[in-house]
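Visitor: Got a minute to walk me through this model?
Guide: Sure, pull it up and ask away.

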2 protein chains.
Amino acid sequence: MSHSIDLTIVGSIGIDTIETPTEKREEILGGSVSYACAAASFFTHTGMVGVVGTDFPQTYRDIWTQMNIDLEGLQTQTGKTFRWSGVYEANMDNRQTLSTELNVFENFTPNLPETYRDAPYLFLGNIHPALQLHVLEQTHNPRFVLIDTMDLWINIAKDDLTQVIQKCDMLTLNESEAQLFTGHHSLMQAAKTLLELGPDYVLIKKGGNGSMLYSRDDLFLLHAYPLETFADPTGAGDTFAGGLMGALAASGKTDAEAIRQAMVHGSVIASFGVEKFSLDRLQQLDRDQIEQRVQHFRNICRL
Amino acid sequence: MSHSIDLTIVGSIGIDTIETPTEKREEILGGSVSYACAAASFFTHTGMVGVVGTDFPQTYRDIWTQMNIDLEGLQTQTGKTFRWSGVYEANMDNRQTLSTELNVFENFTPNLPETYRDAPYLFLGNIHPALQLHVLEQTHNPRFVLIDTMDLWINIAKDDLTQVIQKCDMLTLNESEAQLFTGHHSLMQAAKTLLELGPDYVLIKKGGNGSMLYSRDDLFLLHAYPLETFADPTGAGDTFAGGLMGALAASGKTDAEAIRQAMVHGSVIASFGVEKFSLDRLQQLDRDQIEQRVQHFRNICRL
């Protein structure tokens, strides 16, 4: 039995090779849309828009299917799947990209199945802003659109990016990207400048130091859920944003309070995600564990 | 009319010359005990233990007196007052010390007036751990003792420091000092190790990223109150800790909930403090402004 898509997510799908100070994992499932859809799937019926090559393992596809992610928007193109490899420095504060092979991702043109076009929630994950715009143009007046981006597009496609941002409800980027985009070191000033582009909300991610949500008349500060250790921070931002959009879609709301609660849930999902590589931890996760951690999170952050 | 001292604070008194990317101020009032006592003075009757030289300006002494800080524990020694000068790098994330002249601070032996020895709350600000121990030994069984330190003492006097820490209720240090002391990059792991030294609470300061309070069975995460701009971060940690101890002393309690609320107030005072150089902003501050900001802080951090 199929039912309608509540949340459409577009982004990259990659086969990653990741080395941390303690472990190396080769050819594991990654990519922004994989992390984001997995996180959203705990809360709402989510459709994935992305591309893989003919070499993409069926076992990886099965992981998504088991999480009840709709794959009608997933294209398979002749050729190899996008590959990325990177190494984390000691302490995992920084990482270095060792190689990037775009493969089928190079000529990706996202096409939304008819069933995805009416989804009230849309998350434009980090791909070229012209493609994000192309996705947005295929949709039928979504209620809430979140857009993510990266330093590359700020550097080489700022006009396209600015154009698509102004059509979105919320922009998310990390601290250094907000500073790069605006030239302001102060996040408060950077956020103000970004709000002037059009979105109602700007969500700045600070990794292990949490995140900040800005709007014209409100501000929300959220910590990262504290972990004693973690295995791999890859995809944490996508997991956070995907969980946020999933929880927001499940609430059926778009107001500031609903967004706060969605952020709390997104952050908690992300904290589980980094405990293991790839989707290994999210595959074992259930709603009870999420809600327990949300309760603990509220308790340790209560002023 | 004098009344008894609720909180004794010991630390350094300096005449500072500070350069930020936008402004340079020469020979301004500084030092850990000056910032900490000023912050505490909003909440409780505070006694200052420190040393100045015969060159110390009467106008600076008047600032403390106007804030109702008790100065019976303030020594004046023949010679010049401790001087420090530093310059902040662009963005004020880092600073460089240009010069340090210990002057009368070099032979400082803190002596507590009789009226200070019964104070139920004691804040051992950042001085040599042997002197902190000397202060502690002069007191009559205080209810709650907070100790601060710095990388220098961790590097050259770790045994002395360890000895005094085990006699205190709470240890505060910043992120890099906690990592230096324990060898753990993870703050959760560093805090666990530091708790094993004896204190019931470890408070790790993360500058603009807030602070974390650890105890054996609880954890509290606190943001820094967000500011669009600030003038000078010098003394922010001392202001935070002094405000915390002042608010805790005013509550008459020492439990985890009282400490949380004291931290919130300390953080708010620190956020005011950095808006201007030296004590310039704190001199103009009143309790209404503090409580208003506390309310706003609670609101923007509510999960």
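Guide: Let's go through the two copies, then some strands, then one arginine.

Visitor: Anything to know before I start reading?
Guide: This is a predicted model, where local features need pLDDT of at least 70, side-chain atom pairs count only at pLDDT 80 or more, and totals for chains, interfaces and linings use all residues. Residues are numbered from 1 along each chain as its sequence is written, while chains are lettered from A and ligands numbered from 1 in the order in which they are written.

Visitor: OK, what turn lays chain A on chain B?
Guide: A turn of 180° with a shift of 0.0 Å along the axis does it, at an RMSD of 0.0 Å. That is how a two-fold axis relates copies. The superposition is by least squares on the C-alpha atoms of residues with pLDDT of at least 70 in both.

Visitor: Which residue of chain A comes closest to that axis?
Guide: Asn209(A), with its C-alpha at 3.1 Å.

Visitor: And how many residues are in contact between the chains?
Guide: 19 residues of chain A are in contact with 19 of chain B. Contact is counted when two C-beta atoms, placed from the backbone, lie within 7 Å.

Visitor: Which element of chain A gives the most there?
Guide: α11(A), with four residues. Helices are DSSP runs of H or I, at least four residues, and strands are runs of E, at least two, numbered from the N terminus.

Visitor: Switching topic: what about β12 in chain A?
Guide: Strand β12 covers residues 211-215 of chain A, and four of its five residues are buried. Buried is 20 or more other C-beta atoms within 10 Å of a residue's own, exposed is 12 or fewer, and partly exposed is in between, with C-beta atoms placed from the backbone.

Visitor: How many bridges does it make with β11(A)?
Guide: Five, and β11(A) and β12(A) pair in the antiparallel sense. Pairing takes at least two DSSP bridges between the strands. In that hairpin, five residues sit between the strands, and Gly207(A) has a positive phi near 60°.

Visitor: What about β13(A)?
Guide: β12(A) and β13(A) run antiparallel, joined by four bridges. Met212(A) has Leu221(A) as its bridge partner, and a hairpin of three residues joins the two strands.

Visitor: Last one: where is Arg117(B)?
Guide: In helix α3 of chain B, residues 114-117.

Visitor: Is Arg117(B) buried or partly exposed?
Guide: Partly exposed, because 17 other C-beta atoms lie within 10 Å. Beyond its neighbours within four places in sequence, Arg117(B) is in contact with Leu112(B), Gln138(B), Thr139(B) and His140(B).
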